Amino acid sequence: MMMKTDEVNLEIHQRILDKETADILHADSLCSKVALVDGLTSHLQAVLSEKSALVTRLQQPFIGDYMKVEAQYHHYVHEVLPAISRCLTDLSSNLGTLSWTKQFSLKDGQLDGVLSEITRSLAGVQSKLQNIEALRQTVDTTMSTTTTPRDRPTPRQTPP
């Protein structure tokens with residue numbers, strides 16, 4: 001009886017694990033995600049091929065005296081136009097990122113190399129940040145031991 005309970009518990013556990021990991025382990029799920037990424041890639045390639053035309057067209061000012069907007073929609077237009085302006089401001093850098101993404105490839109195990117390079121870069125930034133913090137503490141300690149509070153320069157004074 002105990003053995004059957006263990007078998008049932010094991011099967012339940014396996015089914016739960018299968019349900020939790022189905023989206024990354026099952027071939028049909030992965031195929032649909034690959035197809036979705038392929039569609040997105042082809043769309044982004046089409047956008048990148050028309051990049052100069054899009055940038056030129058979007059940088060042209062609106063020609064006309066006004067936009068006809070019904071009163072009930074004025075509030076929404078008032079919120080949307082600044083958001084569109086911010087998106088257009090960042091469009092060039094976003095298209096550059098998309099261009100880089102198009103050229104970037106994860107074939108032949110490059111992901112491990114990229115991740116290790118990112119890890120090295122982050123470790124370097126962290127060590128430099130720690131060095132700056134240590135330097136700041138040293139300067140603060142030196143300033144507090146070498147000068148009295150009235151001798152310290154204020155932001156508007158220059159030291160003698």
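1. Let's start with how α1 and α2 sit: the two helices are oblique to each other, because their packing angle is about 40° and the oblique class takes whatever is not under 35 degrees, over 145 or within 65 to 115. Bear in mind that this is a predicted model. Helix α1 covers residues 2-25 and helix α2 covers residues 27-49, and their axes are 6 Å apart.

2. Which residues make that contact? On the α1 side you'll find A22, D23, I24 and L25, and they meet A27, S29, L30 and K33 in α2. By character, the residues of this contact split into 5 nonpolar, 1 polar and 2 charged.

3. Next, the surface. There's a nonpolar patch of about 870 Å² here, built from L54, L58, M67, V69, Y73, Y76, V80, L81, I84 and L88. Two helices, α3 (51-59) and α4 (74-89), each put in at least two of the patch residues. Helix α4 is the top contributor, giving 5 residues. As for L54, that residue belongs to helix α3.

4. On to the charges: I'd note 3 salt bridges in the structure. One to look at pairs E11 with R15, where the closest N and O atoms are 2.8 Å apart. Both E11 and R15 sit in helix α1, and they are 4 residues apart, about one turn of the helix. So helix α1 holds this E11 and R15 pair, and α1 also supplies A22, D23, I24 and L25 to the contact with α2.

Notes:
Residues are numbered from 1 along each chain as its sequence is written. This is a predicted model: local features need pLDDT of at least 70, side-chain atom pairs count only at pLDDT 80 or more; totals for chains, interfaces and linings use all residues. Side-chain values use heavy atoms; hydrogens and water are left out. Axes are lines fitted to C-alpha atoms, for helices over the stretch in contact, and angles run from 0 to 180 degrees between N-to-C directions. Contact means heavy atoms within 4.5 Å. Ala, Val, Leu, Ile, Met, Phe, Trp, Tyr, Cys and Pro count as nonpolar, Asp, Glu, Lys and Arg as charged, and the others, Gly among them, as polar. Patches are made of residues with over 30% relative accessible area and no salt bridge: like charges are joined within 9 Å, nonpolar side chains (Val, Leu, Ile, Met, Phe, Trp, Tyr) within 5 Å. Accessible areas come from the Shrake-Rupley method with a 1.4 Å probe; for residues, only the protein chains shown count as cover. A salt bridge is a side-chain nitrogen of Lys or Arg within 4 Å of a carboxyl oxygen of Asp or Glu.
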